[in-house]
Amino acid sequence: KATKGLAPSTINADISTLNVIFNWMVEEEHLQPINKPVIKRIKDKKNYRDEANPAFLPEDWERFKDVLYKFDVGHDNEYETWRRRWFINYVRFMYGGGFRPHEARKIRFGDVELFNKREDGKPSALIQIDTDTKTGKREMVMNGNTFKNLKYHLNKGIKIRNKQILEKNEKLLKGQRVHDFHNRSYKEPLPEVAPISKDDFILMNPFLNGKRRVYHESYIRDWMNMILKECDFKRRYTIYSLRSTHISYALLNGQTVNQVSKNVGTSMEMIQQTYDGLSARYSMDKLGFFKDTNVPKEEDI
């Protein structure tokens, strides 16, 4: 009777799984049919205007971008500047593709193919989403320039990291103590970070010693909260709000529900329930005003 913050669709999916397990137990004679529990699915009474990860309202989105694009300003340390710009590119990538966070973390360079087929000359990126995600394997399309910016920034980060490694290795040769990011000393020279390969994650952090991994989610969440705290919004936005905003803007820009649902990997029903209700807010300057030819011209109805 109480969802405790979980979406009804999530609870119903779990109920369906339990019912499948009970049926299997009966078929395998681990459970007597008369003892099989019957768990009813709950009714979806969610208020979609107060969703947990709301899309950014237009004025809030502009405010958010103003603060975000200043996130890397005023830092003399090139490493600090690089990682803050990494977060800016991360936000643009998540918004541009409408990804779930766990989907984006699994994308490798070998999963991306660039095409130049648009009339405006801008490239498109065709991305293969891994099978080990919420909705399984799919192909999706996004702005190729957003992906290219991410790749360019990673190459820049590899250069900065190799410069750091060279300086540290030179100190080791001179007998000086050298510490890593966790203030632990090491004595063996570090190998340079190799160039990008097709097996590397596109969101890779090149500053981890010998590990080609993505930034931990806690860092990303902390950076997002820093931006949101400065914006001081009334609505509770999250990283997932970037996906919600992508879907909302796509619908309002004329893309069909079917196109959007396939591209972001969700059902048409979920999009219609959750995002279509926002159209009035986003189209406030266009809706509700029209001319009535039966009244004087100066009167707008």
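## Two non-glycine residues with positive phi

At 65% relative accessibility, Asp 232 counts as exposed, and that is a handy place to begin a walk through this predicted model. Asp 232 sits in the loop that joins α6 (217–231) to α7. Its backbone deserves a glance in your viewer: phi is positive at about 55 degrees, although Asp 232 is not a glycine.

Glu 29 makes a good companion to look at next. Glu 29 is not a glycine either, yet its phi is positive, at about 60 degrees. Glu 29 follows α1 and belongs to the loop between α1 and α2. With a relative accessibility of 71%, Glu 29 counts as exposed.

## The chain as a whole

Stepping back, the protein chain contains 10 helices and 7 strands. It has 301 residues, and 39% of them count as buried. The accessible surface of the chain comes to about 19500 Å², with 50% of that area belonging to carbon and sulfur atoms.

For anyone thinking in terms of contact maps, there is a useful figure here too. Among contacts with a separation of 6 or more, 60% are between residues 24 or more positions apart.

## Helix α1 and its two faces

How does the span of helix α1 (residues 8–27) compare with what 1.5 Å a residue should give? The 20 residues of the helix should span 28 Å, and the end C-alpha atoms are 29 Å apart, which agrees.

Which residues of α1 are buried? They are Pro 8, Ile 11, Asn 12, Ile 15 and Phe 22. These residues cover an arc of only 95 degrees around the axis, so they lie on the same side of α1. Turned away from that buried side is a face carrying the exposed residues Val 20 and Glu 27.

## Aromatic pairs and a cluster

Aromatic rings give you plenty to explore, since the structure holds 21 aromatic pairs. One of them joins Trp 61 and Tyr 95, with 4.7 Å from centre to centre and 45 degrees between the planes, a tilted arrangement. This pair links distant parts of the chain: Trp 61 is in helix α2 (residues 58–68) and Tyr 95 in helix α3 (residues 78–97), 34 residues apart. As for exposure, Trp 61 counts as buried at 4% relative accessibility, while Tyr 95, at 24%, counts as partly exposed.

Tyr 95 has another ring partner in Tyr 249. Their centres are 6.2 Å apart and their planes meet at 85 degrees, so this pair is edge-to-face. Because Tyr 95 lies in helix α3 and Tyr 249 in helix α7 (residues 241–252), the pair ties together parts that are 154 residues apart in sequence. Trp 61, Tyr 95 and Tyr 249 also belong to one aromatic cluster, together with Phe 56, Phe 64, Phe 233 and Tyr 237.

## A charge over a ring

What sits over the ring of Phe 71? It is the charged end of Arg 84, placed 4.3 Å from the centre of that ring.

## Two residues in strand β2

Ser 124 is found in strand β2 (residues 124–129). Is Ser 124 buried or exposed? Its relative accessibility is 17%, and because buried means under 20%, Ser 124 counts as buried. Setting aside neighbours within four places in sequence, Ser 124 is in contact with Glu 113, Leu 114, Phe 115, Arg 118, Val 141, Met 142 and Gly 144.

Ala 125 also lies in strand β2, and at 0% relative accessibility Ala 125 counts as buried. Again leaving out neighbours within four places in sequence, the contacts of Ala 125 are Val 112, Glu 113, Leu 114, Met 140, Val 141, Met 142, Asn 143, Gly 144 and Phe 147. If you would like a distance to check in the model, try Ala 125 and Asn 145: their C-alpha atoms are 8.2 Å apart in space, with the two positions 20 residues apart in sequence numbering.

Definitions and conventions. Residues numbered from 1 in each chain as written. Predicted model: local features only at pLDDT ≥ 70, side-chain atom pairs only at ≥ 80, totals over all residues. Heavy atoms only, no water. Phe/Tyr/Trp six-rings, centres within 6.5 Å; stacked < 30°, edge-to-face > 60°. Helix = DSSP H or I, 4+ residues; strand = E, 2+ residues; numbered from the N terminus. Buried < 20%, exposed > 50% of the residue type's maximum accessible area, 1.4 Å probe, protein only. Lys NZ or Arg CZ within 6 Å of the ring centre and 35° of its normal. Expected span 1.5 Å × (residues − 1). Arc of directions from axis to C-beta. Contact = heavy atoms within 4.5 Å. Areas by Shrake-Rupley, 256 points an atom, 1.4 Å probe, with all protein chains shown as cover.
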